[in-house]
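Subject: Structure handover, with notes

Hi,

Here is the model I promised to pass on to you. Please have it open while you read, as the notes below follow it piece by piece.

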Amino acid sequence: MSITPAGIATLAAAGDLAPVLLTVEEAARCLRIGRTTCYALIRTGELESLTIGGLRRVPADAPAAYLARRRAEHSAA
């Protein structure tokens, strides 16, 4: 099963290839949260990210993985 956030589809429409990495702002838009909240999720390790040079990037599948974990936690509760 593949989960594609709506924001990634929009980004892919701009070019031929789907992005592999998202900026923090793009990841925040995918999750429909604010940039500061997205940075907080990264800081706590809840949202996967990496640094390339001096730039913080979020793997394109990380927002969907975060959402899947949150849904599983909610279902278990």
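What follows is a short account of what turned up in it.

First, the ground rules. This is a predicted model, in which local features need pLDDT of at least 70 and side-chain atom pairs count only at pLDDT 80 or more, while totals for chains, interfaces and linings use all residues. Residues are numbered from 1 along each chain as its sequence is written, and side-chain values use heavy atoms, with hydrogens and water left out.

**Overall layout**

The chain holds 4 helices and 3 strands; these are DSSP runs numbered from the N terminus, with at least four residues for a helix (H or I) and at least two for a strand (E). Along the sequence their order is α-β-α-α-β-β-α. Of the 77 residues, 27% are buried. Here buried means under 20% relative accessible area, exposed means over 50%, and partly exposed is in between (1.4 Å probe, protein chains only).

The accessible surface of the chain is about 5,200 Å², and carbon and sulfur atoms account for 56% of that surface. Areas come from the Shrake-Rupley method with a 1.4 Å probe, and for residues only the protein chains shown count as cover. As for contacts (heavy atoms within 4.5 Å), take those between residues at least 6 apart in sequence: 38% of them join residues at least 24 apart.

**The strands**

Strand E3 (residues 55-59) pairs with E1 in the antiparallel sense, through 3 bridges. E3 also runs antiparallel to E2 (residues 50-52), again with 3 bridges. Pairing requires that DSSP finds at least two bridges between two strands. On the E1 side, Thr23 is opposite Arg57 of E3; on the E2 side, Ile52 has Leu55 of E3 as its bridge partner. E2 and E3 make a hairpin with 2 residues between them, and Gly53 in that turn has a positive phi of about 65 degrees.

Ile52 also belongs to a nonpolar surface patch with Val20, Leu21 and Leu50, whose accessible area together is about 320 Å². Such a patch takes residues with over 30% relative accessible area and no salt bridge, joining nonpolar side chains (Val, Leu, Ile, Met, Phe, Trp, Tyr) within 5 Å; for patches of like charges the distance is within 9 Å. Leu21 sits in strand E1 (residues 21-23) and is partly exposed because its relative accessibility is 32%.

**H2 and the residue after it**

Helix H2 is mostly covered, with 6 of its 8 residues buried: Val24, Glu26, Ala27, Ala28, Cys30 and Leu31. Just after H2 comes Arg32, whose phi is positive at about 60 degrees. Most residues other than glycine have a negative phi, which is a reason to look at this one. Arg32 lies in the loop between H2 (24-31) and H3 (35-44), and it counts as exposed because its relative accessibility is 62%.

**Around Glu46 and Leu41**

Glu46 is in the loop between H3 and E2 and, at 33% relative accessibility, is partly exposed. Leaving aside residues up to four places away in sequence, Glu46 touches Leu41, Tyr66 and Arg69. The C-alpha atoms of Glu46 and Tyr66 are 6.8 Å apart, although 20 residues separate the two along the chain. The side chain of Glu46 also makes a polar contact of 3.1 Å with that of Thr44. A polar contact is a pair of N or O atoms within 3.5 Å; within protein, one must be able to donate a hydrogen and the other to accept it, and residues adjacent in sequence count only if both atoms are side-chain atoms.

Leu41, in helix H3, is buried, with a relative accessible area of 10%. With the same sequence neighbours left out, Leu41 touches Ile33, Glu46, Leu47 and Tyr66. From Leu41 to Tyr66 it is 25 residues in sequence and 9.5 Å in space, C-alpha to C-alpha.

**The salt bridge**

How many salt bridges does a search of the whole structure find? The search gives 1, with a salt bridge taken as a side-chain nitrogen of Lys or Arg within 4 Å of a carboxyl oxygen of Asp or Glu. The side chains involved are those of Glu73 and Arg70, at 4.0 Å from N to O. Both lie in helix H4 (residues 62-76), 3 residues apart, about one turn of the helix. Glu73 is exposed at 52% relative accessible area, whereas Arg70 is partly exposed at 42%.

Best wishes
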